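Biologist: Could you take me through one part of this model in some detail? I would like to hear about the aromatic pairs and the residues that form them.

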Amino acid sequence: RLEFSGNMAAPDRKIDAAFNLATSIQPDVAEQFYRFTGLSLNVLATGDGVPGQRQQATLSGNGELDLIDGRLKLSGITLQGAGLNIGGNLDGADLNDSPSYSGRITVKRFDPRAVMRELDIQAPATQNTSALSSAGFDAQFSGTPNRIDFKQILATLDDSSLKGSARVDDFANPLIGFDLGLDKLDVDDYLPPGSA
C-alpha cells in the first residue's frame, strides 16, 4: 500500500494546493507489469488564483500498466469537483511504438448554473429562468497523439439532445469534422430577458 501527501505552491499564480494519494500496488518487476487498485487522489487548492478561492477535486479508479507490451488500462475512473461527476475508462495500446487509445467518458447530469457559481462565473440572465439547469455528456472515443474521434455522442442541455460523432485531426493545426443532429432547441429561452 502506498500513501503519499504533500503541498505545492505557485506564488506567481497565487495558488496553493495540498494533496493526498493512496493506492494499493501489485508490482511484477521481472515482467514489468504493475497493477494498482483503490486509487484515491484528493487535491485541495486555495488562493486568489483559484475560482472562489477554494476548490477541491477527487480522482479515483483502478489500472494496469504493462511496460513490455506497451499496454495501459484504466477502469472505474471517477473525477469529482466543482459540482461535476465525470466517469470513464481508457485502454492504451502499442505505447512503445505507435500509441493509440480508446475508451468512454461520461459527465453525469449536472446543474450548469450551480457549476458556474462554484467556479465563480457569472451565469447569463435568460428569459426562461429554468434554462441552463440541466446538462450531461456521454461518448466513446479513440485516437492517437495526433487525432481523436468521438462516437455515439449524446449531449443534453435542458430539453435538448445532441447526437452524433466528431473528430479532430492534427492538434497543431486542428481540422475539425462532425456529424451531429440536434432534436430541438428553444432559442428564446436563452436570450436575455425582454428580448423580442
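To begin with, is Phe-19 buried or exposed?

Modeller: Happy to! Keep in mind that this is a predicted model. Phe-19 is buried, because its relative accessible area is 17%, under the 20% cut-off for that class.

Now to its partner. The structure holds 2 aromatic pairs, and one of them joins Phe-19 to Phe-4, with 5.8 Å from centre to centre and 40 degrees between the planes. That pair is tilted, because an angle of 40 degrees is neither under 30 nor over 60 degrees. The two rings come from distant parts of the chain: Phe-4 belongs to strand β1 (residues 2-10) and Phe-19 to strand β2 (residues 15-28), 15 residues apart.

The other pair is made by Tyr-101 and Phe-141, and it is tilted too, with 55 degrees between the planes and 6.3 Å from centre to centre. It also links distant parts of the chain, since Tyr-101 sits in strand β7 (residues 100-110) and Phe-141 in strand β8 (residues 135-144), 40 residues apart. As for accessibility, Phe-141 is buried, with a relative accessible area of 15%, whereas Tyr-101 counts as partly exposed because its value is 23%, which falls between the 20% and 50% cut-offs.

For a polar site to set beside these rings, try Asp-169, in strand β10 (residues 160-169). Its side chain makes a polar contact of 3.0 Å with the side chain of Arg-167. Beyond its neighbours within four places in sequence, Asp-169 is in contact with Asn-146, Arg-147, Pro-174 and Leu-175.

Key
Residues numbered from 1 in each chain as written. Predicted model: local features only at pLDDT ≥ 70, side-chain atom pairs only at ≥ 80, totals over all residues. Heavy atoms only, no water. Phe/Tyr/Trp six-rings, centres within 6.5 Å; stacked < 30°, edge-to-face > 60°. Helix = DSSP H or I, 4+ residues; strand = E, 2+ residues; numbered from the N terminus. Buried < 20%, exposed > 50% of the residue type's maximum accessible area, 1.4 Å probe, protein only. Polar contact = N/O pair within 3.5 Å; in protein donor to acceptor, adjacent residues only side chain to side chain. Contact = heavy atoms within 4.5 Å.
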